[in-house]
Amino acid sequence: MAKVRWDWDGDAAVAASDIDDYEDEGALYDGPKPTRGIFKFEITKINKGESKAGNPKLQVSMKLVSRNKEDKQFDGCPLTDFLPIMKSTVWRFAPFLKAIGVTGAMLLSKTIVDENKDVVKIGTVKPNGMTVVCQVQLDENSGYLNVKRYLVPKDDALDDAADDADDADDNDDDGDEPF
């Protein structure tokens, strides 16, 4: 039998430290999953990736944050949502962007990623640590928790975010706090 060597060159190369240092946030959770309902989630990471078909996508990793006694049992429950960024899927990703105060212009021209393609900032918004409220449902067959829809705040936060982005671009200030 031959010994397998896993070394290769390029961006896809894996080092032993990549494997040893990897922490799967979902694997650390061993509690129950909600079957359905409206819950608050903290964004832990957003990664800019590509779907199997080669289309751009956002992979949003979150964990449930309890809002009341009933939610406490699910505290820390992980959820990953895959949001393809295409005209045909606007219905899927636009509510998420609105829920975190990101405009279309901010997404399309002001998304900053690090060397791992993790989203650091979208316009003036730093999404890691932000919370979103969404309706979720557990898929009985796969055991995965799925986002059914994001609930968008009914205030003027999105207008403020767009205004702040304009302030930053134009170096002007209309009296409000830009960031």
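These entries record my look-up of salt bridges in a predicted model.

Entry 1, overall count. I searched the model for salt bridges and found 3. I then took each pair in turn and checked how accessible its residues are.

Entry 2, R67 and D71. I noted a salt bridge between the side chains of R67 and D71, with an N to O distance of 4.0 Å. I looked up the accessibility of both partners. R67 has a relative accessibility of 44% and is therefore partly exposed. D71 has a relative accessible area of 6%, so I recorded D71 as buried.

Entry 3, K72 and D75. I found that the side chains of K72 and D75 also form a salt bridge, at 3.4 Å from N to O. K72 has a relative accessible area of 52%; because the cut-off for exposed is over 50%, I entered K72 as exposed. D75, at 32% relative accessibility, is partly exposed.

Entry 4, R92 and D81. I recorded a salt bridge joining the side chains of R92 and D81, with 2.4 Å between N and O. I asked which elements hold the two residues. R92 belongs to helix α2, residues 90-99, and D81 to strand β3, residues 78-84, so this pair ties together parts that are 11 residues apart in sequence. I then asked whether the two residues are buried or exposed. I found both R92 and D81 to be buried.

Entry 5, review. I closed the look-up with R67–D71, K72–D75 and R92–D81 entered as salt bridges. For burial, my notes list D71 as buried, and likewise R92 and D81.

How values were computed:
Residues are numbered from 1 along each chain as its sequence is written. This is a predicted model: local features need pLDDT of at least 70, side-chain atom pairs count only at pLDDT 80 or more; totals for chains, interfaces and linings use all residues. Side-chain values use heavy atoms; hydrogens and water are left out. Buried means under 20% relative accessible area, exposed over 50%, partly exposed in between (1.4 Å probe, protein chains only). Helices (H or I, at least four residues) and strands (E, at least two) are DSSP runs, numbered from the N terminus.
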